[in-house]
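Hi,

Here is the structure I promised to pass on. Have a look at it first, and my notes on the aromatic rings follow below.

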Amino acid sequence: MVDYRIDSHKLIYHPQRVADWLAGENIYPLYVEVAPTGSCNHRCIFCALDYTGYKPNFLDKDIFLKNLPIMAQKGVKSIMFAGEGEPLLHKGTPELVNKTKEHGIDVAMTTNGVLFTSEVVKKCLADFSWVRFSLNAGSSATYNTIHRGKPGDFERVLENLKFIVAYKKENNITTTLGAQLLLIPENQHEVIMLAEQLADIGVDYFSVKPFSQHPSSLCQGDANFNYQDFISLEKELKERFSKRLGIAFRANAMTKLQAAKPYSTCWGLPYWAYIDATSKMWACSAHLGKPEFCYGDLHQMDFSEIWEGEQRKAVLQYVKEQLDIKECREICRLDEINIYLNELKNPGAHVNFI
């Protein structure tokens, strides 16, 4: 089974970009996350972006398509469609996927899977590098309690997955299909149950991750829920399912919860960008809505103009000089990257003795 490094980072595969950054160059991001919409058909009890209000904003397709060739030319390697809402609520998302791939950019998506119908599969499945489905229960009752969508959504997602897996095999498609469960008290007893169903369906891997408190979210974790009590679950999952299902158990993330960060500034911002459903560009998805983190608006400037612009320079200066890293999310998207880059920026003694 391929190691997707879900619980680590992948900057080691981009040494030239890292070398340019270390040399002080204004590098362009490797990865861009895009929100096709702010709306969502679920109200998950752990949602980190509930504070954005599930607004029915929809990405301006023409603006995005205009900027795709610029992103490709400037060295963006991947785009993931996710963001504040469910990406497939935007009717144009399949076309956005197709066009992204046409420009030579790897494309992925995270989705709750309810709207990943056979029509969507036929339009764009082959263009994805990977798709990850948020599926946080092994039974309909628990799923409804956690996802808070429409009755029957759990069964609908499982049926969609069965069709997707069959279509992938029939058409020799290489897209990696994963499912992710965010481990919380409400679903702790159904991890094995869900893994069994996923293995039977034939998805490629199953990821189990911890809840991480978002500083702006209204959702709160259970202070009495200790992830160290579940570390042994990784062994059980691998023993029972490794021959049929890849297991990406986020033990590394679980052990880091509430631990002090070994870096004092966010080094990783130049390697990624976030485009929200209103076509604004942001430094960090954990600080959406805060002007001090907004790079600019694609309605007013193109991707390169924003990246080279004074507003982005001001954001990076703010992050460097004023941001208290303790106020950030416990385990943010850039945490592993920051750990790696911090070591490069602050090497220890005797590093030449390899």
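**Aromatic pairs and charges over rings**

Counting ring pairs gives 16 aromatic pairs in this model, which is predicted. Two of them are described here, along with their surroundings.

Take Tyr4 and Tyr205 to begin with: their rings form a tilted pair, with 5.2 Å from centre to centre and 45 degrees between the planes. Tyr4 belongs to the segment before α1 (15-22), while Tyr205 is in strand β6 (residues 205-210), so this pair ties together parts that lie 201 residues apart in sequence. The two partners also have their own settings: Tyr4 is partly exposed, at 24% relative accessibility, and Tyr205 is buried, at 3%.

The other pair is Tyr295 with Trp307, and this one is edge-to-face, with 85 degrees between the planes and 5.6 Å centre to centre. Tyr295 sits in strand β10 (residues 294-297) and Trp307 in helix α10 (residues 303-308), twelve residues apart, and the pair links these distant parts of the chain. Are these two rings buried or exposed? Tyr295 is buried, with a relative accessible area of 0%, and Trp307 is buried with 0% as well.

Tyr295 and Trp307 also belong to a cluster, in which ring pairs link them with Tyr28 and Phe303. In addition, Arg312 lies over the face of Tyr295, 5.4 Å from the ring centre.

One more charge is worth a look on your screen: the charged end of Lys345 sits over the ring of Trp21, at 4.9 Å from its centre.

Best wishes

Definitions and conventions:
Residues are numbered from 1 along each chain as its sequence is written. This is a predicted model: local features need pLDDT of at least 70, side-chain atom pairs count only at pLDDT 80 or more; totals for chains, interfaces and linings use all residues. Side-chain values use heavy atoms; hydrogens and water are left out. Rings of Phe, Tyr and Trp (its six-membered ring) pair if their centres lie within 6.5 Å; planes under 30 degrees apart count as stacked, over 60 as edge-to-face and the rest as tilted. Helices (H or I, at least four residues) and strands (E, at least two) are DSSP runs, numbered from the N terminus. Buried means under 20% relative accessible area, exposed over 50%, partly exposed in between (1.4 Å probe, protein chains only). A charge sits over a ring if NZ of Lys or CZ of Arg is within 6 Å of the ring centre and within 35 degrees of the ring normal.
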